[in-house]
Amino acid sequence: MVKPNLKVKIGSLELKNPVMVASGTFGSGEEYGNLVDLNKLGAIVTKSITLKPREGNPPPRLVETPSGILNSIGLQNDGIETFIKDKIPFLNKVKTAVIVSIAAHSINDYAEIAGRLNKIKRVDALEINISCPNVRGGLEFSKEPDSASAVVAAVKNRTSKPIITKLSPNVKDISEIAMAVQEAGSDAVSLVNTFTGMAVDIETKMPVLGNVVGGLSGPAIKPIALHMVWETARRVRIPVIGIGGIMDYRDALEFIIAGASAVQIGTANFVNPKAAVEIIAGIEGYMRRNKIANMKELIGCLKT
Ligand code: RRO
């Protein structure tokens, strides 16, 4: 059999395969570059950046839970100008798509960041993070269709690059939000960000995380995330990018069969830096074994 075609399209952006590394779990790829061949990835999604630098939340900021982790990083980043100065030169050398995640507390700030990134050729697409559970107001724009659409419309007004909107699972109906951002011009949606959670130390009777609450990720959330992706993919026309506890290629295929055009690998990178690259090889092997020539045959092929 000829080599299976793993290419997928996210708006006008073509990816060499459907496997990206999720924002906040891979930096901008520099540390991982010594361990894995970054050029094999479908895309790198960089840690969310804001207009001004942010220190993040007080420690502890990470705790393991059964089949998952809670994080309360708090949007730590160096701000847009330092990102452009320090990270873009490295990313210029990488031969895969670069998707820059952006976050803000106001619609104007989202638009401003999008405007500054629009001039940078290396940025292939933007992922609008309206779903950070760990900063005050971080979920404000993700809860209601109108506020989510307003962010997307403002960003669209300032960029010619494809837009992915990253959605929160901490809402009444995630597919409603997905439909709203589609109408506002989002080229794709990615879901899910982390679920709000917490852990308590029974000896000190204190919260384990410095920020009290955090975002839960990892295998613990996979079935819930998968259900949200399936439901959303049935309702929108734009591509859905599946995220949530994907640890191996079988998990990735579950999301793709349920309707995801691509997937993002997050928590698995902390366990095995090669996880995403191994998942790509696993998907290709599965396609060969099952004589599937093209990813298109797999996306949303769930029999119900
Ligand atoms: O930085 C964080 O605490 C964080 C962000 Br921005 C996010 O979108 N999701 C998450 O679990 N943590």
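Me: What is the relative accessible area of Ser 67?
Reply: Ser 67 sits in the loop between S5 and S6, where helices (H or I, at least four residues) and strands (E, at least two) are DSSP runs numbered from the N terminus. Its phi is near 55°, a positive value in a residue other than glycine. A residue is buried under 20% relative accessible area, exposed over 50% and partly exposed in between, with a 1.4 Å probe and protein chains only. Ser 67 therefore counts as partly exposed, its relative accessible area being 49%.

Me: What kind of model is this?
Reply: Residues are numbered from 1 along each chain as its sequence is written, and side-chain values use heavy atoms, with hydrogens and water left out. Local features need pLDDT of at least 70, side-chain atom pairs count only at pLDDT 80 or more, totals for chains, interfaces and linings use all residues, and the model is predicted.

Me: Is Leu 75 buried or exposed?
Reply: Leu 75 lies in the loop between S6 and H1. Like a glycine it is not, yet Leu 75 has a positive phi of about 65°. With a relative accessibility of 5%, Leu 75 counts as buried.

Me: What is the volume of the largest cavity?
Reply: On a 1 Å grid over the protein atoms alone, a cavity is a set of points where a 1.4 Å probe fits but cannot get out, and a pocket is an open set with protein on both sides within 12 Å along at least five of seven lines; lining residues have an atom within 4 Å of a point. Grid points are joined across faces, edges and corners, and a volume is the space filled by probe spheres set on the points. The residues that line the largest cavity include Leu 75, His 105, Tyr 110 and Cys 132. The volume of this cavity is about 40 Å³.

Me: Which element gives the largest share of the lining of the largest pocket?
Reply: The largest pocket has a volume of about 1000 Å³. Its lining is made of 49 residues, with Ser 23, Gly 24, Thr 25, Lys 47 and Ile 73 nearest the centre. Elements that give two or more residues include S6, helix H1 (80-91) and strand S16 (262-265). The largest share, four residues, comes from S4.

Me: In which order do eight strands close into a barrel?
Reply: Two strands pair if DSSP finds at least two bridges between them. One such pair is strand S7 (residues 97-102) with strand S8 (residues 125-129), parallel over four bridges. Pairing in the barrel is parallel, and the order is S3-S4-S7-S8-S9-S10-S15-S16.

Me: What angle does the direction of helix H2 make with that of S7?
Reply: Axes are lines fitted to C-alpha atoms, for helices over the stretch in contact, and angles run from 0 to 180 degrees between N-to-C directions. Contact means heavy atoms within 4.5 Å. Helix H2 (residues 107-118) packs on the sheet and touches S4, S7 and S8, and its angle with S7 is about 155°.

Me: Which strands stand at the edges of the open sheet?
Reply: Four strands form this sheet in the order S5-S6-S14-S11, with antiparallel pairing. Each edge strand has a single partner strand, so one side of each is left without a neighbour in the sheet; these are S5 (62-65) and S11 (195-198).

Me: Which residue of S14 stands opposite Thr 196?
Reply: S11 and S14 pair in the antiparallel sense over four bridges. The uncovered face of S11 holds Thr 196 and Met 198. Opposite Thr 196 in S14 stands Gly 215.

Me: Which helix gives the most residues to the largest nonpolar core?
Reply: A nonpolar core is a set of buried Ala, Val, Leu, Ile, Met, Phe, Trp, Tyr and Cys residues joined through side-chain atoms within 4.5 Å. The largest one has 90 residues, and Ile 102, Leu 117 and Ile 283 touch the most other members. Seven residues, the most from any helix or strand, come from helix H8.

Me: How many of the nine residues of helix H6 are buried?
Reply: The buried residues of H6 (residues 249-257) include Tyr 249, Leu 253 and Phe 255. They pack against helix H5 (222-235), strand S15 (240-243), S16 and H8. H6 is largely enclosed by the rest of the structure, because its buried residues number seven.
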